[in-house]
Amino acid sequence: MSKEEQKEYAIEIAEKVCNYYQIKYGQMMSKYRGEEVTLARQMTMYFTKEKTELNSEEIAKLFNRDRTTVLHSISKIRGQLSNKFDDTIKKDVFNLNVLI
């Protein structure tokens, strides 16, 4: 897959994540920091990293964020996946993985 195709796929991932969390794409791209929007944004960055070969700089540029924000988002989702006491994120990741 070319870089352009990967970027288009990242946008598709973002749209599917937005649909899953029932938020608008524009909300996810905004600076808004509400919990549901932030989680959708973090999931989008996590899945973009997992499913494409885009690096954190490219993902950051694509979603109008800083590279460190992308790294934090990926780290946070991975950390929550390893949490033995909270299955919510695991369920969301499983469901989104099926959709994406």
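The following paragraphs describe the helices, the nonpolar core and the largest pocket of a predicted model.

The helix α1 covers residues 3–21. With 19 residues at 1.5 Å a residue, α1 should span 27 Å, and the distance of 27 Å between its end C-alpha atoms therefore agrees with the expected length. Several of its residues are buried, namely Q6, Y9, A10, I13, A14, V17, C18 and Y21, and the elements that cover these buried residues include α2, α3, α4 and α6. A14 is a residue of helix α1, and it counts as buried because its relative accessible area is 0%, where the limit for a buried residue is under 20%. When neighbours within four places in sequence are set aside, A14 is in contact with Y25, M28, T44 and F63. The C-alpha atoms of A14 and K91 are 18 Å apart, and the two residues are separated by 77 residues along the chain.

E15 also belongs to helix α1, but E15 has a relative accessible area of 41% and so counts as partly exposed. Although 84 residues separate E15 from L99 along the chain, the C-alpha atoms of this pair lie 11 Å apart.

The helix α3 runs over residues 35–51. Its 17 residues should span 24 Å at 1.5 Å a residue, and the end C-alpha atoms are 24 Å apart, so that the expected and the computed lengths agree. The buried residues of α3 are V37, L39, A40, R41, Q42, M43, T44, M45, Y46, F47 and T48, and they pack against α1, α2, α4, α5 and α6. M43, which is placed in helix α3, counts as buried because its relative accessibility is 0%. Apart from neighbours within four places in sequence, M43 is in contact with V17, Y21, I77, I89, D92, V93 and L96. M43 and A10 are 33 residues apart in sequence, and the distance between their C-alpha atoms is 11 Å.

The largest nonpolar core of the model contains 28 residues, and V17, M43, F47 and F63 are those with the most contacts inside it. Two or more residues of this core come from each of α1, α2 (25–29), α3, α4 (56–62), α5 and α6 (88–99). The surroundings of F63 can be listed in the manner used for M43 and A14. With residues up to four places away in sequence not counted, F63 touches A10, I11, A14, M28, M29, T44, M45 and T48. A10 and A14 are among the buried residues of α1, while T44, M45 and T48 are among those of α3.

The space left between the atoms was also examined. Rolling a probe the size of a water molecule over the atoms shows where empty space is left. The largest pocket holds about 230 Å³ of space, and its lining is made up of K31, R33, T38, R41, Q42, N64, R65, D66, T69, H72 and S73. At least two of these lining residues are supplied by α3, and at least two by α5 (67–81). By type, the lining comprises six polar and five charged residues, with no nonpolar residue.

R41, one of the residues that line this pocket, lies in helix α3. Its relative accessibility of 8% is under the limit of 20%, and R41 is therefore counted as buried. Leaving out residues up to four places away in sequence, R41 touches Q27, M28, S30, K31, Y32 and R65. K31 and R65 likewise appear in the lining of the largest pocket. The C-alpha atoms of R41 and L96 are separated by 13 Å, and the two residues lie 55 residues apart along the chain.

The backbone angles of two loop residues remain to be described. Most residues other than glycine have a negative phi. Q22, however, which follows α1, has a positive phi near 55° and is a residue other than glycine. Q22 lies in the loop between α1 and α2, and with a relative accessibility of 74% it counts as exposed, because this value is over 50%. N64, in the loop between α4 and α5, is not a glycine either and has a positive phi of about 55°. The relative accessibility of N64 is 48%, and N64 therefore counts as partly exposed. N64 is also one of the residues that line the largest pocket.

Conventions: Residues numbered from 1 in each chain as written. Predicted model: local features only at pLDDT ≥ 70, side-chain atom pairs only at ≥ 80, totals over all residues. Heavy atoms only, no water. 1 Å grid on protein atoms, 1.4 Å probe; cavity = no way out; pocket = protein on both sides within 12 Å on 5 of 7 lines; lining within 4 Å. Points joined across faces, edges and corners; volume = space filled by probe spheres on them. Helix = DSSP H or I, 4+ residues; strand = E, 2+ residues; numbered from the N terminus. Nonpolar A, V, L, I, M, F, W, Y, C, P; charged D, E, K, R; others polar. Core = buried A, V, L, I, M, F, W, Y, C linked by side-chain atoms within 4.5 Å. Buried < 20%, exposed > 50% of the residue type's maximum accessible area, 1.4 Å probe, protein only. Contact = heavy atoms within 4.5 Å. Expected span 1.5 Å × (residues − 1).
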